[in-house]
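Open your viewer and keep the selection panel handy. We will go from whole chains down to single backbone angles.

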Amino acid sequence: MSSSAIPYSTIRMEGASVAEFSWDIRSPLDRALVAGPYGAQGKAGVSLTEIHNFDLAQVMARRGKAGEMIAAAKARFSAAAPETPRAVSAADATLIWSGPDQFLVLSKGGKHSIEALAAGFAGSASLSDQSHARALISVSGDKARAMLAKLSSIDLHPSVFAVGAAAATSMDHTSVTLWRGKDRDGQAVFNLLVFATFAESLWHTILDSAAEYGVTIGHSDELA
Amino acid sequence: MAGDQANRLTSGGLIDRSTALSFRFDGKNFLGFKGDTLASALVANGVRLVGRSFKYHRPRGILTAGSEEPNALVELRSGARREPNTKATTAELYEGLEAASQNRWPSLNFDVMSVNQLFAPIFVAGFYYKTFMWPAKFWEAIYEPAIRRAAGLGRASGVSDPDHYDKAWAHCDVVIAGSGPAGLAAALAAARSGARVILCEEDFVLGGRLLADGGTIDGLPAAEWVARAVAELEAMPDVRIMTRTSLFGVYDGGTYGAIERVNDHLPVPPEHQVRQRLWRIVAKRCVVAAGAIERPIVFAGNDTPGVMMASAMRSYINRYAAAPARRIALFTNNEDGWRTADTAIAAGLQVAAVIDARADVSPAHRSLASKGGFPVLHGSVSAVEGGKGGVRKISVSLTGGARAEVEADGLAVSGGWNPAVGLTSYHRGRPKWRDDIAAFVPDGAPPGMVAAGAANGAFGLGACLREGFEAGAAAARDAGRSGNIGSMPVADDAAFSLTPLWHVAGKCKAFVDQQHDVTASDVELAQREGFQSVEHLKRYTTLGMATDQGKTSNVAGLAIMAAVSGKSIPETGTTIYRPPYVPVAIGAFAGHHRDENFHATRLTPSHHWAAEQGAIFVDTGLWKRAQWYPRPGEKDWLESVTREVKAVRGGVGFCDVSTLGKIDVHGPDAGAFLDRVYINAFSSLAVGKARYGLMLREDGIVYDDGTTSRLAEDHYFLTTTTAKAGLVMQHLEFCRQVLFPELDVQLTSVSDQWAQFSIAGPKTRDLLKEIIDPAEDLSNDGFPFMGAREVKLRGGLKARLFRISFSGEMAFEISVPARYGEAMARNLMIAGKPFGVTPYGTEALGVMRIEKGHVAGPELNGTTTAGDLGLGKMMSTKKDFVGRVMAGREALTAPSRQVVVGIKPTDKARRLRSGAHIIPKDETPGPENDQGYVTSVCFSPVLDQWIGLGLVERGRERIGEIVLAHDPLRGEDYDVELCNPVFYDPDGGRQRG
Amino acid sequence: MRITCPFCGERELGEFTYLGDAKPQRPAADAGEDAVYDYVYLRDNIAGVMSEHWYHGGGCRAWLKVTRNTLTHEISAVEAAAGAGAAKVGA
Amino acid sequence: MKYSIFSLARAALSGHKNWKPTWRDAAPRDRYDVVIIGGGGHGLATAWFLASEFGIRNVAVLEKGWIGSGNAGRNTTIIRSNYGLPGNTGFYELSMKLWERMEQDLNYNAMVSQRGVLNLYHSDAQRDAFARRGNTMRINGIDAELLDQAALRKMLPFLNFENARFPIQGGLLQRRGGTARHDAVVWGYAHAASALGVDIIQNCEVTGFTRDANGKVTGVETSCGKIGAGKVGMAVAGSSSRVAAMAGLRLPIESHVLQAFVSEAIKPLLPNVMTFGAGHFYVSQSDKGGLVFGGDIDGYNSYAQRGNLPVVEDVCEGGMALIPMIGRVRLLRQWGGIMDMSMDGTPIIDKSPVDGLYINAGWCYGGFKATPGSGFVFAHLLARDESHKEAARFRLDRFQRGAMIDEKGQGAQPNLH
């Protein structure tokens with residue numbers, strides 16, 4: 001499931017050799033994710049969707065500059081950047097708390113790429129590109145909480161982990177960023193940013209955990 | 001007769017008579033019903049002999065009806081699913097169940113090991129400490145194997161467990177252990193308050209003792225009240241009822257361990273399902289309503305099959321409609337035991353006699369006796385007749401000295417009740433003694449935990465409900481819930497009167513710990529030999545160390561010890577209670593983490609491409625790394641690796657080095673920060689340049705190394721070794737947040753953001769020109785050695801390019817965003833095709849670094865200094881840095897230290913091996929002249945021989961000296977020459993060229 | 001054990017890494033070898049309430065100062081290290 | 001009272017009524033030549049060696065609880081001498097030689113079982129480190145064998161060779177390593193020391209030191225009153241810092257909890273002691289049939305003598321990864337002991353900076369195997385006022401000198417040793 005983010009290029013070389021470089025983008029789940037049903041038969045209790053091709057920037061306030069960073073975020077996103085573990089939906093980005101004085105900017109299409117953000121945060125925050133460092137998995141379904149309870153020590157009860165709640169936490173000893181998106185079809189949606197090099201391994205663990213409930217697997221280019 | 005359920009009562013019980021289940025015990029076929037345990041089905045079928053004891057192999061029957069069972073242990077299931085030591089009393093019956101008795105040979109009925117009973121006079125507690133000492137060699141050869149074979153009960157399957165397990169977290173306000181009257185009342189009160197409640201019940205049916213003892217609650221029969229309570233609880237969304245789940249432990253911060261036997265009641269777990277699940281329950285409060293355990297009285301012959309706890313008899317009769325005997329005698333020292341006489345009569349069984357150790361019996365019981373036509377004997381049981389066939393006759397010593405005999409085929413015993421004090425004592429709280437019930441009750445429970453009902457010493461039904469309800473309400477309140485708790489369930493309290501009786505003195509063996517064959521005289525012997533502390537008693541006699549952890553024996557044992565040592569029971573005290581409350585399968589604690597899933601696996605961005613190339617992978621920490629890329633016709637790894645090295649040194653090759661830790665260091669003080677964490681300076685590094693850095697621990701020993709590049713005034717890109725990536729990040733965050741908080745610096749791991757490749761060999765630049773935008777100047781002037789900057793690739797993609805080399809060749813490292821990593825590998829192959837580009841793995845990487853004398857993991861072993869590694873000159877004297885002061889200590893700077901040198905065998909055909917020690921030539925190896933060892937070796941294609949690095953005393957002063965490589969483990973001794981560790985291009989012309 | 005991270009809230013033990021006693025302070029550059037020896041090697045090793053460094057590496061990566069009783073494991077206070085959340089310094 | 005099969009048979013005839021206490025429970029006298037604080041294996045062994053080897057019999061061993069109530073009674077009973085660094089190698093071999101004659105020395109069967117200790121390796125780097133260590137052992141006259149995978153498949157076919165995350169490549173075997181019955185070691189030393197006149201005083205907690213004008217320790221204050229002493233030796237692993245603090249000393253030691261586990265008893269399954277090289281798990285099977293196993297320390301300072309679930313899980317994961325046939329064997333009991341974790345993972349046996357006070361501490365999680373050796377060299381130090389040559393590197397000042405003995409290479413970070 002690869003899509004080309006950089007156009008195919010054909011270059012005529014000295015010495016008459018022809019090299020064709022294809023800069024295919026490959027998600028870290030490219031091989032492991034097989035769309036369709038998995039595990040127990042019947043109505044799937046868990047739905048897993050990998051979201052492709054996103055921009056992810058880590059924004060970290062400089063010493064004593066938290067206020068300026070928040071102001072810069074406000075100016076750019078017309079939203080208050082999260083200062084506690086929350087995910088804030090702006091018009092075209094989600095701002096996810098990732099630690100004290102820092103948050104992630106999740107967006108699509110390059111509008112809030114690290115280059116685009118640089119000027120606005122100059123002097124108030126340090127930026128680090130994480131777009132390729134993570135895989136993004138969205139989990140929903142009747143049994144999403146039951147399945148996540150096998151991986152996460154976080155209390156996901158609706159009264160505790162409401163829409164917009166976020167956590168920098170670990171699943172199966174692997175660091176993840178977890179937040180609850182907007183409900184879809186009346187069901188809670190949990191988003192997971194997983195480190196890319198761990199993604200395939202954690203994916204298999206997720207499938208093992210979900211198999212008893214029946215799983216439907218897919219991918220999407222849309223942010224949840 | 002097999003299969004006829006001859007002892008099944010014709011009516012009653014919570015069994016489903018419409019669902020008959022067939023099962024096998026010791027090869028014989030039987031029938032039972034859904035709702036039976038293995039034990040109740042065996043009782044129904046008249047099977048009384050179910051096991052043999054640990055030491056004397058005495059015949060044993062079923063003593064209890066619960067998880068405290070010491071005797072009725074079986075091997076359940078067969079083949080790979082065989083589970084030793086399974087309590088028949090808790091094993092749920094299922095169609096096709098197979099069980100076998102254990103610790104007997106050749107059969108349960110005829111067990112030759114029962115000859116041990118003949119030696120019983122010698123096999124007293126601790127006998128083995130006094131003998132088997134001569135001759136010394138005989139212990140491992142003869143005595144110990146014999147003891148080991150005789151000991152142990154069941155047999156493990158011996159093959160890999162085929163079932164799956166997993167683990168999960170649960171969160172609640174109130175967790176409740178036990179669903180008897182106290183537990184259900186607690187759950188009702190807490191749930192009505194609005195609390196999130198988890199109710200754990202180890203049984204497969206809710207109700208606890210109500211299932212066997214009935215009663216009237218709120219004017220309803222107990223069963224009906226239970227059904228209503230459960231229905232009310234089930235209707236509430238924040239109540240989770242977990243049957244087949246034992247709360248086994250309490251850990252810090254309100255974390256509770258529980259084991260759910262998800263599918264143990266089925267022959268095999270359904271597809272995609274686990275056998276058992278380990279729960280970590282996080283609860284603000286815990287109500288322990290785990291009930292109490294009826295305790296035996298120790299008397300001669302008390303282990304005869306057919307002797308059973310009085311409450312267990314009621315369970316078998318009332319809950320399972322199975323008669324443990326037809327003519328039952330009851331031996332009790334308390335009022336509660338009498339209920340078994342009631343139950344027996346109600347079930348149409350005969351009561352042979354009630355032997356009551358108390359002086360008085362209530363008028364109600366007297367009238368029961370006359371109605372039932374059985375005598376009440378005041379006294380105690382002094383002997384039981386009957387072997388493996390079970391109880392036949394009971395001798396009674398009457399108060400006043402006369403004797404009586406009672407013919408019976410079953411003896412119910414009640415010595416009173418011990419509250420289940422395990423959970424409340426796991427944080428080292430010691431239970432306290434209560435004289436009125438002659439039992440220990442919880443004290444010093446962990447924070448947030450409270451016991452209620454029988455677990456707290458309240459033995460009346462009304463009291464259980466009251467305590468449970470109040471505890472549940474209080475727990476919910478403490479958790480911040482304040483809903484209307486409604487009315488408290490009420491019931492009458494039966495009178496509880498008891499005259500403590502622990503041990504009836506007699507001549508024959510009277511068992512305290514039935515499973516471990518610890519007798520009353522063993523306890524007395526222990527006292528005589530000075531093992532008076534209860535812990536000494538336990539360890540010397542093994543009392544309470546069996547699979548039941550002394551649930552039916554500990555208190556009796558210490559009571560007997562108290563009596564013989566002239567102390568009170570509370571003075572004697574208890575041993576330490578330890579989790580788990582019931583034994584838990586090791587597989588459940590492991591969950592998913594076994595076999596290939598033991599630990600996570602990290603894959604490099606080019607992993608799948610490398611796999612397509614046929615790469616052999618090696619585990620490096622959690623990573624899978626390409627170790628080499630074999631080609632058809634290559635006879636071994638060495639041939640492949642040698643080819644890869646030659647291809648690099650003669651042309652160009654590349655290797656995925658994305659596993660290096662990569663950290664963005666941002667901020668105005670980034671340079672100052674790096675100056676403090678590295679021994680060398682980084683604030684002075686020019687933008688666009690890279691520098692090799694070495695960091696120490698605060699104790700002056702080398703911690704890690706790597707290159708760090710300055711990409712902008714306020715932005716450095718730091719790399720760590722693969723092994724230390726996470727730890728260095730932690731260390732740097734410590735330096736940033738704790739040691740130097742005044743610095744304005746930000747750290748982010750970008751290890752996963754970048755796919756990084758090392759491209760090395762004289763044709764590196766040629767290859768790069770193919771793939772990098774022609775506008776980028778890659779010449780020596782335009783991109784000098786140790787240069788570092790962003791470049792544009794053909795097609796527009798941006799990459800980071802670093803001119804660094806660990807191979808000694810002209811080399812670059814190039815980083816692209818990780819999702820382009822696989823494309824990068826493919827494109828390097830395309831771009832390098834004209835130059836014979838060769839992918840190489842970690843072995844070739846290792847060969848080239850050794851040839852070049854670069855230190856790596858084997859040299860950075862946590863005991864070496866910068867000086868040892870030949871890098872002492874890097875240590876700045878102009879600044880403070882982590883580890884500076886301690887690095888200066890006398891022994892760390894001594895001239896005699898072992899330092900890095902090159903090593904090569906004088907015989908070029910000789911293979912050098914890591915781990916060989918270095919001994920001066922012509923000396924006999926010994927501790928005094930053991931001067932170091934070989935740390936890293938490789939076959940060097942350049943030198944056409946094995947070479948290595950080593951840490952050798954004063955090594956740098958001894959270049960050229962011939963020494964002995966001494967490798968007794970592999971039976972090798974050979975001469976090697978100590979040499980300059982830089983075997984290849986010592987002037988460095990190639991990498992700068 | 002559960003530690004209430006001042007940034008993340010209460011989390012389970014597995015997310016944290018322990019370093020040790022938070023009382024010893026890294027000596028100044030010119031403090032001399034004895035002072036550094038003391039800092040690196042000697043410990044009060046308190047049986048009772050102790051201030052400790054813990055790292056929330058499985059969460060927000062903050063270093064914390066946790067006040068904990070080594071006899072009971074009871075945690076009475078948790079605060080962030082001086083440099084965790086330092087962007088709010090002076091703000 | 002001499003123990004043997006004959007005395008046992010004789011006693012049987014009289015219904016075992018004539019056995020005397022295994023050791024004398026003594027009341028404290030006013031003064032002893034040497035007072036040992038700590039009635040664990042090390043303290044009792046020290047007393048026995050003082051009496052039997054160095055002729056000092058006016059010795060008291062003070063135990064705040066019951067003898068063997070500390071780590072001597074809480075360990076996983078492994079004995080071995082497979083160390084790789086100078087200082088450790090010779091010392092642990094001295095100890096191993098004393099194990100080999102213990103039962104005859106003490107007339108007590110401590111069930112020393114030389115069934116072999118096997119360290120598994122899973123990578124080339126680990127093999128190389130084991131080779132280095134094994135060669136060190138051989139150079140010091142200690143048995144060691146490097147086994148490859150084929151040899152292990154033959155010896156231990158039930159290990160996970162087929163679908164392991166970290167495949168087993170081989171192992172370093174010390175056949176003379178094994179196990180001993182921990183409580184019996186304590187009782188054996190108590191039995192033998194008591195017979196030579198040593199006073200064993202239980203339920204006697206030291207609460208302070210008495211000092212003369214020069215600061216020299218002259219005795220101890222205890223819950224049973226003041227007891228004078230020519231010299232005081234402390235062998236109180238787990239409580240070393242607390243006892244040392246009574247003399248105004250700070251030690252390079254932290255107290256950590258190490259958990260251990262035993263399974264239900266099963267018929268013989270595991271022939272030797274095994275350590276997993278790719279996770280935290282080691283195991284042996286007791287003569288009674290239980291699998292006795294453990295793993296890493298919990299990792300935080302603790303005096304609570306109990307640990308938490310993450311380590312239980314970690315250890316069982318290691319167990320299942322290595323020996324998948326133990327999945328249905330049940331964990332019966334878990335417990336925790338307080339480890340004296342030193343700053344380099346190596347013990348301290350030395351005179352303290354306070355005159356008259358001698359330290360035997362810092363055993364980390366490896367004190368049991370050292371019991372006889374520790375007793376011997378500590379007795380030597382107490383009797384002669386100089387270190388035994390095999391303990392010469394266990395000096396307290398080694399940290400100041402930079403002469404650490406760091407087998408794991410983890411530095412001054414006790415929870416990593």
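Here is a tour in stops, each with something to select and a note on what is there.

**Before you click**

This is a predicted model: local features need pLDDT of at least 70, side-chain atom pairs count only at pLDDT 80 or more, and totals for chains, interfaces and linings use all residues. Residues are numbered from 1 along each chain as its sequence is written, while chains are lettered from A and ligands numbered from 1 in the order in which they are written.

**Stop 1: chain A**

Select chain A and show it as a cartoon. You should find 4 helices and 16 strands; helices (H or I, at least four residues) and strands (E, at least two) are DSSP runs, numbered from the N terminus. The C-alpha atoms fill a box of roughly 60 × 55 × 30 Å along the principal axes.

What radius of gyration does chain A have? The value is 19 Å, which agrees with the figure near 17 Å for a compact globule of 224 residues. Both refer to C-alpha atoms, and the globule rule is 2.2 Å times the number of residues to the power 0.38.

Now colour by burial: 56% of the 224 residues of chain A count as buried. A residue is buried if 20 or more other C-beta atoms lie within 10 Å of its own, exposed if 12 or fewer, and partly exposed in between, with C-beta atoms placed from the backbone.

Next, zoom in on A:Asp101, in the loop between β9 (93–99) and β10 (102–107) of chain A. Its phi is near 60 degrees, a positive value in a residue other than glycine. Most residues other than glycine have a negative phi, and most peptide bonds are trans. Is A:Asp101 buried or exposed? It is buried, because 29 other C-beta atoms lie within 10 Å.

**Stop 2: chains B and D together**

Add chains B and D. Of the 5 pairs of chains in contact, these two share the most contacts; two residues are in contact if their C-beta atoms, placed from the backbone, lie within 7 Å. Chain A and chain D, by comparison, do not touch, and their nearest C-alpha atoms are 11 Å apart.

Highlight the B–D contact: 91 residues come from chain D and 92 residues from chain B. On the chain D side, α5(D) gives the most, with 9 residues. That side divides into 40 nonpolar, 30 polar and 21 charged residues. Here Ala, Val, Leu, Ile, Met, Phe, Trp, Tyr, Cys and Pro count as nonpolar, Asp, Glu, Lys and Arg as charged, and the others, Gly among them, as polar.

Then look for strand pairing across the two chains. Strand β30 (residues 584–585) of chain B is joined to β16(D) by 2 bridges, and the two run antiparallel. Two strands pair if DSSP finds at least two bridges between them. To find the spot, select B:Ala585, which stands opposite D:Arg330.

**Stop 3: the domains of chain D**

Hide chain B and colour chain D in two parts: domain 1 (23–107 + 182–252 + 344–416) and domain 2 (117–176 + 254–342). These bounds come from an automatic or database domain assignment. The C-alpha centres of the two domains lie 27 Å apart, and their contact takes 31 residues from each. α3(D) gives the most to the domain 1 side, with 4 residues.

**Stop 4: inside chain B**

Bring chain B back and centre on B:Val174 and B:Ala186, the residues with the most contacts inside the largest nonpolar core, which has 567 residues. A nonpolar core is a set of buried Ala, Val, Leu, Ile, Met, Phe, Trp, Tyr and Cys residues joined through C-beta atoms within 7 Å. Among the residues that B:Ala186 touches are B:Ile176, B:Val287 and B:Phe469.

Move on to strand β6 (residues 83–87) of chain B, where 5 of 5 residues are buried. β5(B) and β6(B) form a hairpin with 6 residues between them, and B:Arg77 in the turn has a positive phi of about 65 degrees.

**Stop 5: one loop, three details**

Finish in the loop between β7 (97–101) and α2 (138–150) of chain B, where B:Pro106 lies.

- B:Trp105 and B:Pro106 are joined by a cis peptide bond, with omega about 0 degrees.
- B:Trp134 and B:Pro135 also have a cis peptide bond, with omega about -15 degrees.
- B:Phe132 has a positive phi of about 60 degrees although it is not a glycine, and it is partly exposed, with 19 other C-beta atoms within 10 Å.

Methods
Lists of a residue's contacts leave out its neighbours within four places in sequence.
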